[in-house]
Amino acid sequence: MHIDLTGRIALVTGGSKGLGLATAIRFAAAGADVAIVARNPDTLDTALRQIRATARGRVAAFACDVARAGDILAAHAGIVAQLGQVDILVNNAGSHRSGVFEDTSDAVWQEDIDLKLMAPIRFARLVLPAMKERRWGRIINGLNIYAKAPKAGMTPTCVTRAAAMALSKALAGEGAPFNVLVNGLVVGVIDGDQLHRHYLKEGPGRSYDAFLAASASRLGIPLGRVGRAEEFANLACFLASDAASYITGAAINIDGGLCPVV
C-alpha cells in the first residue's frame with residue numbers, strides 16, 4: 001500500500017532513537033514535514049541526518065525533556081513557528097520503569113507519571129484545538145502490553161501505560177466529531193534503544209542477534225522473534241494516513257502475539 005503524507009506536519013516525541021526515529025524516517029519518506037523532539041542535542045543531530053537522507057519534506061529537531069511542561073510549551077511553539085500547526089502527533093517518548101510496589105517512592109511515581117501520562121496530555125492539549133478547527137488530525141500514543149496485561153514488579157509502567165490507554169479512548173470520543181482520530185499502539189518486545197541498553201547492561205558476552213533470539217525464546221513470543229522498529233513505524237504511518245480513516249479509539253497490539261489480551 002502506498003501512503004502519501006504530503007502536506008501533513010508530524011511531531012514525534014522520543015524521535016532521535018529506536019521506534020521514534022524509525023517512525024520519523026517513515027513519515028518523512030512518505031512526504032510529511034517532520035519534527036522530532038528528544039533530550040539530547042547530539043542524538044538529535046545524528047537523527048536529523050538519518051531522516052533527511054530519504055525525506056521528501058522539511059525536517060526539524062528540538063531539544064525537549066517531555067517530562068517538563070515548560071520544555072513542551074517551548075518545543076511546540078518552535079515547531080509551529082518553523083513548520084506550522086501539527087497534524088499528526090506520535091507520543092513515543094518513554095522508559096521501561098520496573099519496581100516492586102512497596103519499594104516505589106513518590107518521586108519515582110511522579111517521574112513516571114510526568115513522562116508517560118502528563119507528556120501525552122500536554123502535547124495533545126496543545127495540538128488538539130487546531131486539529132479540530134481544521135477537522136483533521138491524528139494522535140498516536142505509544143503504549144506497551146502491560147497496559148492490557150499488568151505484571152508484578154512493573155507497577156509504575158503498568159499504571160501509567162493503562163492510564164494513557166484510557167486517555168487515548170477518551171480523546172478518541174472527543175475528537176471523532178471533528179475527524180481527529182486517536183489510537184494507541186501496544187508494543188511488546190521490539191528491537192530499539194531500550195532493548196540495546198539492556199543488552200549492554202547484561203554484558204555482551206554473545207552477539208546482539210543471539211541476545212535477541214534468546215530474548216524471544218525466553219519470553220515465549222509466538223512469532224519466535226522480537227519486532228523491528230520499522231514494523232512499528234509502518235503501522236504508525238498507516239494510522240496517520242487517510243487509509244485508516246475509520247479507525248479510532250483502538251489499542252492495537254504490535255507484539256508478535258505476546259500479549260494475552262487482544
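The second largest cavity in this predicted model has a volume of about 40 Å³. Ten names make up its wall: Asn-91, Ala-93, Leu-115, Lys-116, Pro-120, Asn-141, Gly-142, Leu-143, Arg-161 and Ala-164. Three elements, H4, strand E5 (137-144) and helix H5 (155-175), each put at least two residues into that lining. As for chemistry, the second largest cavity is lined by five nonpolar, three polar and two charged residues.

Now for the largest cavity, whose volume is also given as about 40 Å³. Its lining is made of Thr-13, Val-66, Asn-91, Asn-92, Ala-93, Leu-115, Ala-119, Pro-120 and Phe-123. Here helix H4 (residues 106-134) provides the largest share, with four residues. The lining of the largest cavity splits into six nonpolar and three polar residues, with no charged ones. If you're browsing the walls, Asn-91 and Leu-115 turn up in the lining of the largest cavity, and Asn-91 and Leu-115 are also listed for the second largest cavity. The count of cavities of 30 Å³ or more comes to two.

Then there's a pocket to look at. The second largest pocket has a volume of about 180 Å³. Of the 13 residues lining this pocket, Gly-18, Leu-21, Ala-22, Ala-229 and Glu-230 sit closest to its centre. Helix H1 (18-29) and helix H8 (229-240) are the elements that give two or more residues to the lining. H1 supplies the largest share, five residues. By type, the lining of the second largest pocket has five nonpolar, four polar and four charged residues.

Here are the three linings side by side.

| Space | Volume | Lining by type |
|---|---|---|
| Second largest pocket | about 180 Å³ | five nonpolar, four polar, four charged |
| Largest cavity | about 40 Å³ | six nonpolar, three polar, no charged |
| Second largest cavity | about 40 Å³ | five nonpolar, three polar, two charged |

Back to the helices. H4 and H5, which both help line the second largest cavity, pack with their axes 9 Å apart and at an angle of about 15°. That angle is under the 35 degrees cut-off, so H4 counts as roughly parallel to H5. The handedness of the H4 and H5 crossing is right-handed.

A few loop residues around these helices are worth a stop. Ahead of H4, Asp-103 lies in the loop that links strand E4 (88-91) to H4. Asp-103 has a relative accessibility of 62%, so it counts as exposed, the cut-off for exposed being over 50%. Asp-103 and Gly-153 are 50 residues apart in sequence, yet their C-alpha atoms are 9.9 Å apart in space.

On the other side of H4, Arg-135 is found in the loop between H4 and E5. Arg-135 isn't a glycine, but its phi is positive, at about 55°. With 47% relative accessibility, Arg-135 counts as partly exposed.

Asn-179 has a similar story to tell in its backbone: its phi is near 60°, a positive value in a residue other than glycine. Asn-179 belongs to the loop between H5 and strand E6 (180-187). Its relative accessibility is 29%, so Asn-179 counts as partly exposed.

Terms used:
Residues are numbered from 1 along each chain as its sequence is written. This is a predicted model: local features need pLDDT of at least 70, side-chain atom pairs count only at pLDDT 80 or more; totals for chains, interfaces and linings use all residues. Side-chain values use heavy atoms; hydrogens and water are left out. On a 1 Å grid over the protein atoms alone, a cavity is a set of points where a 1.4 Å probe fits but cannot get out, and a pocket is an open set with protein on both sides within 12 Å along at least five of seven lines; lining residues have an atom within 4 Å of a point. Grid points are joined across faces, edges and corners, and a volume is the space filled by probe spheres set on the points. Ala, Val, Leu, Ile, Met, Phe, Trp, Tyr, Cys and Pro count as nonpolar, Asp, Glu, Lys and Arg as charged, and the others, Gly among them, as polar. Buried means under 20% relative accessible area, exposed over 50%, partly exposed in between (1.4 Å probe, protein chains only). Axes are lines fitted to C-alpha atoms, for helices over the stretch in contact, and angles run from 0 to 180 degrees between N-to-C directions. Angles under 35 degrees count as roughly parallel, over 145 as roughly antiparallel, 65 to 115 as roughly perpendicular and the rest as oblique. A crossing is left-handed if the near helix is turned anticlockwise from the far one by less than a right angle, and right-handed if clockwise.
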